[in-house]
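Work through the exercises below with the model open. Try each task before reading its solution.

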Amino acid sequence: MRIKVINPNTTAAMTDAIAAAARAVAAPATEIVAATSASGPASIEGHYDEAVAVIGLLEQVRAGEAEGCDAYVIACFGDPGLLAARELAAGPVIGIAEAAMRAASFVATGFSVVTTLARTRVIAEHLVVAYGMERACRRVRAIDVAVLALDDPSSNARARVFEECRRALAEDASGAIVLGCAGMAELAASLTRELQVPVIDGVAAAVKIAEALVGLGLKTSKHGDLASPLRKRYVGGLAHLAPE
Ligand code: 2AL
């Protein structure tokens with residue numbers, strides 16, 4: 001099967017790390033097609049970034065339908081454009097935040113999210129409500145490091161994530177940690193070993209959930225609100241996105 005993993009920000013180096021995390025867990029017969037948005041913000045860490053990034057994401061989903069993709073992963077923790085992408089796609093579309101939270105709920109009764117900038121906490125908190133995870137998500141925490149600074153050694157990001165996870169386990173009555181950014185994917189395995197609790201990267205979780213759904217023969221329902229967008233004229237710079 002072919003799973004298209006879309007980084008909806010425009011930083012190709014981050015896509016490479018996301019692709020590596022996806023391929024590390026994908027089944028041998030799964031082809032991971034990694035894509036970077038062609039236009040939009042270099043990183044997504046606010047409501048405005050998200051709104052603008054959705055256009056580049058939807059362009060990648062439209063292209064993916066022509067490329068014969070069986071499923072999609074939206075590799076940004078705000079799950080930007082998730083329901084719009086589901087309208088476009090025949091197969092399943094999985095957001096990494098939803099995937100990580102649902103995976104966490106299978107292995108713990110409560111989890112904490114550890115994300116990047118403090119201002120993005122509200123985005124994650126809105127998703128917790130949207131996904132009905134209010135009881136399981138005990139707290140959304142932030143390390144206050146920007147997305148593109150995560151792999152800059154001077155940001156000390158790994159140590160800050162580790163310390164925030166430790167505080168979460170001590171204070172939140174959580175049994176698992178959800179990493180709140182696609183750029184944290186490579187930390188999950190070593191943090192799981194060191195903290196001795198499940199530390200969940202949404203990229204890996206989303207790939208395995210996408211594989212499972214495709215394996216079950218499940219596609220996105222086209223009955224009701226996730227039906228293909230209604231054909232109509234779009235004008236101006238977005239005319240190319242008019243539903244066909
Ligand atoms: C993210 C993410 O996963 N990618 C990105 O650009 N921003 N998440 C976040 N919490 O900042």
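Two strands pair if DSSP finds at least two bridges between them. Strands (E, at least two residues) and helices (H or I, at least four) are DSSP runs, numbered from the N terminus.

This is a predicted model: local features need pLDDT of at least 70, side-chain atom pairs count only at pLDDT 80 or more, and totals for chains, interfaces and linings use all residues. Residues are numbered from 1 along each chain as its sequence is written, and side-chain values use heavy atoms, with hydrogens and water left out.

**Exercise 1. Trace the pairing of strand 1.**

Which residue in strand 3 stands opposite Lys-4?

Step 1. Find strand 3 at residues 71–74; strand 1 pairs with it in the parallel sense over four bridges.
Step 2. Read off the partner: Lys-4 stands opposite Tyr-72.
Step 3. Turn to strand 2 (residues 31–36), parallel to strand 1 and joined to it by six bridges. Here Asn-7 has Thr-36 as its bridge partner.
Step 4. Follow the chain from strand 1 through helix 1 to strand 2: this β-α-β crossover is right-handed. That is, with the strands pointing away from the viewer, the path from the first strand over the helix to the second runs clockwise.
Step 5. Check the cover of strand 1 (residues 2–7): five of its six residues are buried. Buried means under 20% relative accessible area (1.4 Å probe, protein chains only).

**Exercise 2. Place two residues.**

Is Glu-164 buried or exposed?

Step 1. Locate Glu-164 in helix 6.
Step 2. Apply the cut-off. Glu-164 counts as buried because its relative accessibility is 10%.
Step 3. List its contacts (heavy atoms within 4.5 Å). Leaving out residues up to four places away in sequence, Glu-164 touches Val-114, Arg-141, Ala-142 and Ile-143.
Step 4. Repeat for Leu-226, in the segment after helix 8 (202–215). Leu-226 is buried, at 16% relative accessible area. With the same sequence exclusion, Leu-226 touches Leu-83, Arg-86, Glu-87, Thr-220 and Ser-221.

**Exercise 3. Describe the lining of the largest pocket.**

Which helix gives the most to the lining of the largest pocket?

Step 1. Set the terms. On a 1 Å grid over the protein atoms alone, a pocket is an open set of points where a 1.4 Å probe fits, with protein on both sides within 12 Å along at least five of seven lines; lining residues have an atom within 4 Å of a point.
Step 2. Take the lining: 16 residues, with Val-147, Leu-150, Asp-151, Gly-183 and Glu-186 nearest the centre.
Step 3. Find the helices. Helix 1 (12–25) and helix 6 (157–171) each supply at least two lining residues. Helix 1 gives the most, with three.

How values were computed
Buried < 20%, exposed > 50% of the residue type's maximum accessible area, 1.4 Å probe, protein only.
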